[in-house]
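Q: Could you take a close look at one strand and its partners for me, and then say something about the packing around it? Keep it casual.

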Amino acid sequence: MEIGVVSFFNVERGFGKIRSERYPTGVFVHYRDVLGDARILVHHEMVEFQVVQTEKGPKAKQVVRLTERYSGRIASFSKGYGYVRADQDGRLYFLHHSDVVGVGHKHIEPQFEVEFSPFESSQGIQAKEVVIRDTRPAWIQFAQFQDLGKSYQQLAEWAIPEDWNLGSEIPPEQSRLHNYLIHTFRQAQIQGQVRFGKSTDNVRIACFHTGLYTPDWHAIYGWFIPNSATRPDGAAYLKNPHWVFEKWVISGNRELQWLDRIPQAVKYLGNEVKIGGLSERDWQVDWKHLLDDRKERFPIMMQKMDRGARMEKIRLALEIARMWMARNPFSAVAQWYHGRFQWLLPACLEDPQQADLAFVLGYEQGDWQIQTVLPLESAYRNARLIAPVQADWLR
């Protein structure tokens with residue numbers, strides 16, 4: 001048996017390398033050869049393993065971890081912390097976002113499958129070195145697509161025309177339509193609007209309302225049938241989707257009668273949503289976040305200014321935003337972000353008639369506050385979750 005250290009491991013593809021004294025350049029390791037429920041190896045983790053020689057070189061077999069790892073699911077998560085329920089003992093382990101492996105923004109939702117190291121401290125049991133087992137969005141976990149680009153193109157052709165930035169030079173996974181469907185489908189799951197039924201041939205079916213309509217205002221639905229494939233292409237250890245996309249259907253189609261209930265379009269805005277703030281003269285401003293944490297989002301000429309000059313430039317842009325709204329109240333655009341309703345306002349920093357960024361106005365602890373700025377593309381994506389974007393400055 002060899003003892004070594006994991007030099008890297010690709011979570012999405014399920015393989016990596018282990019370095020040891022006898023194999024300083026590394027031994028190939030596949031997730032299937034890791035023993036136990038938790039099979040994703042962590043960088044710098046110590047393991048014990050056997051080595052077999054293959055045509056492609058040495059390969060690790062019978063890999064045993066030297067530290068304990070559990071598998072589980074996110075039980076709850078909000079505002080940067082939550083709990084993981086372990087499969088092994090059913091206990092809840094505290095989770096902080098900083099303990100999730102990876103850099104940058106970490107998208108975490110309840111029911112995500114994870115692997116982690118259990119840790120006990122004076123504050124209780126915690127989950128450390130947490131790896132999200134499946135980072136695919138719910139839309140892709142739910143169904144397999146034979147040709148994603150072709151399916152999206154057909155949907156765009158059926159729907160009221162919008163700029164979904166679909167094209168041969170843009171992968172469908174990077175289109176606005178893909179982003180829209182990811183978030184819409186997730187909300188449909190949360191709101192119980194993915195509906196099921198059986199066809200006249202006794203074939204199970206699933207369906208959801210895309211929130212899109214034909215030019216004559218027929219709703220467009222996504223239609224799915226059971227997936228008979230053994231595994232999705234390139235998915236490594238990831239679970240095979242239970243469904244496969246079959247087609248788009250429109251309201252009035254007789255097949256919709258096979259469902260237990262016709263799915264409704266998802267709703268983002270409830271009666272509890274506060275829609276004031278736009279007439280407020282004294283918005284609070286999170287200056288530290290704007291000036292320090294989001295400095296790189298501003299135009300280059302502003303990044304070169306000192307902090308005081310940047311602040312004055314932002315103050316002027318906020319006054320211009322108020323003037324835009326005085327002229328046209330619909331200059332403010334609603335967006336939905338991480339379960340919250342916010343307003344997007346034009347941030348004109350170089351030309352008073354041209355927005356460079358979008359201010360985000362949100363309701364926080366009893367006050368309306370300018371919370372951050374977004375690139376226009378990001379602002380458009382968030383706004384489109386609610387409705388087609390009509391404001392010229394963002395569209």
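A: Quick bit of vocabulary before the hairpin: two strands count as paired if DSSP finds at least two bridges between them. Bear in mind that this is a predicted model.

Let's go for strand β18, residues 340–347. Of its 8 residues, 7 are buried, so the rest of the structure largely encloses this strand. On one side there's β17 (residues 333–337), which runs antiparallel to β18 and is joined to it by 5 bridges. If you want a spot to click on, Q335 sits opposite Q342 in β18. The hairpin of β17 and β18 has 2 residues between the strands, and H338 takes a positive phi there, near 50°.

β18 also pairs with β19 (residues 357–364), again in the antiparallel sense, over 5 bridges. Here W343 has L361 in β19 as its bridge partner.

Now for the packing. The largest nonpolar core has 56 residues, and L345, F359 and I370 are among those with the most contacts inside it, as is I314. Neighbours within four places in sequence aside, I314 touches W287, L290, L291, F298, M302 and F359. There's also a second, separate core, with 17 residues, including V6, V42, V47 and A60. In general, nonpolar side chains in soluble globular proteins tend to be buried together.

What about empty space? Searching the whole structure turns up 1 cavity of 30 Å³ or more, with a volume of about 30 Å³. Its lining includes W164, N179 and R384, and splits into 3 nonpolar, 1 polar and 3 charged residues.

How values were computed: Residues numbered from 1 in each chain as written. Predicted model: local features only at pLDDT ≥ 70, side-chain atom pairs only at ≥ 80, totals over all residues. Heavy atoms only, no water. Core = buried A, V, L, I, M, F, W, Y, C linked by side-chain atoms within 4.5 Å. Buried < 20%, exposed > 50% of the residue type's maximum accessible area, 1.4 Å probe, protein only. Contact = heavy atoms within 4.5 Å. 1 Å grid on protein atoms, 1.4 Å probe; cavity = no way out; pocket = protein on both sides within 12 Å on 5 of 7 lines; lining within 4 Å. Points joined across faces, edges and corners; volume = space filled by probe spheres on them. Nonpolar A, V, L, I, M, F, W, Y, C, P; charged D, E, K, R; others polar. Helix = DSSP H or I, 4+ residues; strand = E, 2+ residues; numbered from the N terminus.
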